Amino acid sequence: VVIDYDTDGVDDADLSDINGLVYRDGDRVAVNPKTSWIEDLDAIPMPARHLCDVEHYFAVNLPQSGRAGRKGLSRSLTVISSRGCPRNCIFCGTVHLWGRRYRTRSPENFVAELESLKRAYNLQEFQLQDDNFTFNRKRVTAILDLLIEKKLDLQWCTPQGADVMTLDRELIAKMKRSGCREITLAIETGSESVNRDIIGKPIKLDHVRDVVGWLKEFKILAQGFFIIGLPGETKATIENTLQFADSLDLDRAQVFIATPLPGTKLYDLAAGKGYLVPGFDFDNISSNGSGCLQTEEFTPKYLEELQFRFARKTLFKSLRKHPFAYGWQYMMNAIQSPRMILNLVQKHG
């Protein structure tokens with residue numbers, strides 16, 4: 001992503017010295033090498049949200065995670081408490097943004113930001129955008145303890161997905177006490193061998209079932225993320241994923257089609273084996289409704305039909321369970337993304 005700034009009067013030599021910066025130099029896109037990472041995240045100033053029209057964001061109230069704010073209200077903001085993820089998933093491109101080294105803000109620094117947002121904006125909910133919020137159990141426990149101790153009365157959720165293998169009953173119980181209302185689980189597939197040997201993310205399916213059960217026990221909404229159409233998958237493993245997703249007592253589930261993002265191992269593998277569809281273009285990729293890969297086992301059309309049928313089935317299941325919590329979100333998504341709905345209708349009738 002290249003962001004244009006007004007650099008009139010700014011010495012280009014100054015820009016070229018900034019580690020990892022991407023900028024325009026006339027008609028040229030300049031990319032400075034990324035040679036180091038910020039280690040002390042507490043040294044970074046709090047986001048300058050006062051420079052934005054935060055009330056406008058509240059008014060737009062674009063749903064990302066079921067519903068924003070208590071009782072359907074909209075005073076919800078995104079926050080981040082860590083950078084990087086030590087996992088090695090084949091499809092993940094965020095390591096090129098944050099790196100693989102897991103770096104964190106201290107619990108005190110992060111909760112201080114939440115307190116500030118509560119005072120400044122009467123915040124009701126925060127949405128954690130960390131790649132792997134729960135990776136360090138000691139740290140996440142300290143954050144939850146502070147939230148409970150300070151009685152901030154904030155709801156929170158993890159729309160980016162949580163590492164399911166880091167969760168257990170004790171931690172989930174504390175999450176509930178701290179205000180957690182929804183956890184998105186990055187389950188990926190219904191095949192342990194696909195997770196282990198293709199994705200590079202060892203997940204035990206029995207543990208997934210336990211985690212979903214604990215979330216239901218503590219009345220935390222449970223969403224599952226799944227992915228189909230990876231090189232090396234068969235129609236049987238893809239069907240296993242859909243059956244496993246359907247068998248879980250999830251409040252909602254989303255199935256994505258494997259998307260070869262720039263710089264990922266998935267792209268390198270797909271390009272090397274000739275699996276990219278003719279005319280493949282990074283500017284026109286989408287994991288929601290469009291397949292980019294074709295292997296000896298499956299075609300994009302096959303994946304798209306499976307995804308559409310699963311989405312239609314789970315839509316009605318989630319609406320039956322939570323007509324108000326999710327009905328509002330789906331309606332807003334349709335209003336704010338009419339082109340996506342039109343594309344689906346044209347593709348599937």
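## Strand β9 and its surroundings in a predicted model

Ile227 stands opposite Phe256 in β10. This pairing belongs to a predicted model, and it is a good place to enter the fold. One residue further on, Ile228 has Ile257 of β10 as its bridge partner. Strand β9 covers residues 221-228, and 6 bridges tie it to β10 in the parallel sense.

**Overall make-up and confidence**

The protein has 349 residues, of which 45% count as buried. It contains 13 helices and 10 strands. Many contacts reach far along the chain: among those between residues at least 6 apart in sequence, 71% join residues at least 24 apart.

The average pLDDT is 87, and 84% of the residues score at least 70. Residues 1-7 have a pLDDT below 50, and this stretch makes 7 contacts in the model beyond near neighbours in sequence. Residues 66-71 also have a pLDDT below 50, with 27 such contacts in the model.

**The sheet**

Where does β9 sit in the sheet? The strand order is β3-β6-β7-β8-β9-β10, so β9 lies between β8 and β10. The sheet is open, has 6 strands and pairs in parallel. Its edge strands are β3 (76-79) and β10 (252-257), each of which pairs on one side only. On average, neighbouring strands are turned by 20 degrees against each other, direction ignored.

On its other side, β9 runs parallel to β8, and 6 bridges join the two. Here Thr184 stands opposite Gln223 of β9.

Is β9 enclosed or open to solvent? All of its residues, 8 of 8, are buried, so the strand is largely enclosed by the rest of the structure. Both faces are covered. On one side the buried residues are Leu221, Gln223, Phe225 and Ile227. On the other they are Ala222, Gly224, Phe226 and Ile228.

A helix also packs on this part of the fold. Helix α6 (residues 169-178) lies across β7 (155-162) and β8 (180-188). The helix runs at about 140 degrees to β8.

**Polar side chains in the strands**

Arg252 lies in strand β10. Which residue does its side chain meet? A polar contact of 3.5 Å joins the side chains of Arg252 and Gln223. Gln223 is one of the buried residues of β9. Arg252 has a relative accessible area of 6% and is therefore buried, as the cut-off is under 20%. The chain also brings Arg252 up to Gly224: their C-alpha atoms are 6.7 Å apart, though 28 residues separate them along the chain.

A second polar contact involves strand β6 (residues 125-128), which holds Gln127. The side chains of Gln127 and Ser76 are joined by a polar contact of 3.1 Å. Gln127 counts as buried because its relative accessibility is 5%.

**Loop residues with positive phi**

Two residues other than glycine have a positive phi. For Asn122 the angle is near 55 degrees. For Lys151 it is near 50 degrees. Both are found in loops that lead from a helix to a strand of the sheet. Asn122 lies between α4 (107-121) and β6. Lys151 lies between α5 (137-150) and β7.

The table sets their accessibility beside that of the two polar strand residues.

| Residue | Relative accessibility | Class |
|---|---|---|
| Gln127 | 5% | buried |
| Arg252 | 6% | buried |
| Asn122 | 45% | partly exposed |
| Lys151 | 72% | exposed |

**A helix pair**

Two packed helices are described by the angle between their axes and the distance between the axes. How do α9 and α11 pack? Helix α9 (residues 235-247) meets helix α11 (residues 300-321) at an angle of about 10 degrees, with the axes 11 Å apart. Angles under 35 degrees count as roughly parallel, so α9 and α11 are roughly parallel to each other.

From α9, the residues in contact are Lys235, Ile238, Glu239, Leu242, Ala245 and Asp246. From α11 they are Tyr302, Leu303, Leu306, Phe310, Lys313 and Lys317.

Key:
Residues are numbered from 1 along each chain as its sequence is written. This is a predicted model: local features need pLDDT of at least 70, side-chain atom pairs count only at pLDDT 80 or more; totals for chains, interfaces and linings use all residues. Side-chain values use heavy atoms; hydrogens and water are left out. Helices (H or I, at least four residues) and strands (E, at least two) are DSSP runs, numbered from the N terminus. Axes are lines fitted to C-alpha atoms, for helices over the stretch in contact, and angles run from 0 to 180 degrees between N-to-C directions. Contact means heavy atoms within 4.5 Å. pLDDT is the predictor's confidence in each residue, from 0 to 100. Buried means under 20% relative accessible area, exposed over 50%, partly exposed in between (1.4 Å probe, protein chains only). A polar contact is a pair of N or O atoms within 3.5 Å; within protein, one must be able to donate a hydrogen and the other to accept it, and residues adjacent in sequence count only if both atoms are side-chain atoms. Angles under 35 degrees count as roughly parallel, over 145 as roughly antiparallel, 65 to 115 as roughly perpendicular and the rest as oblique.
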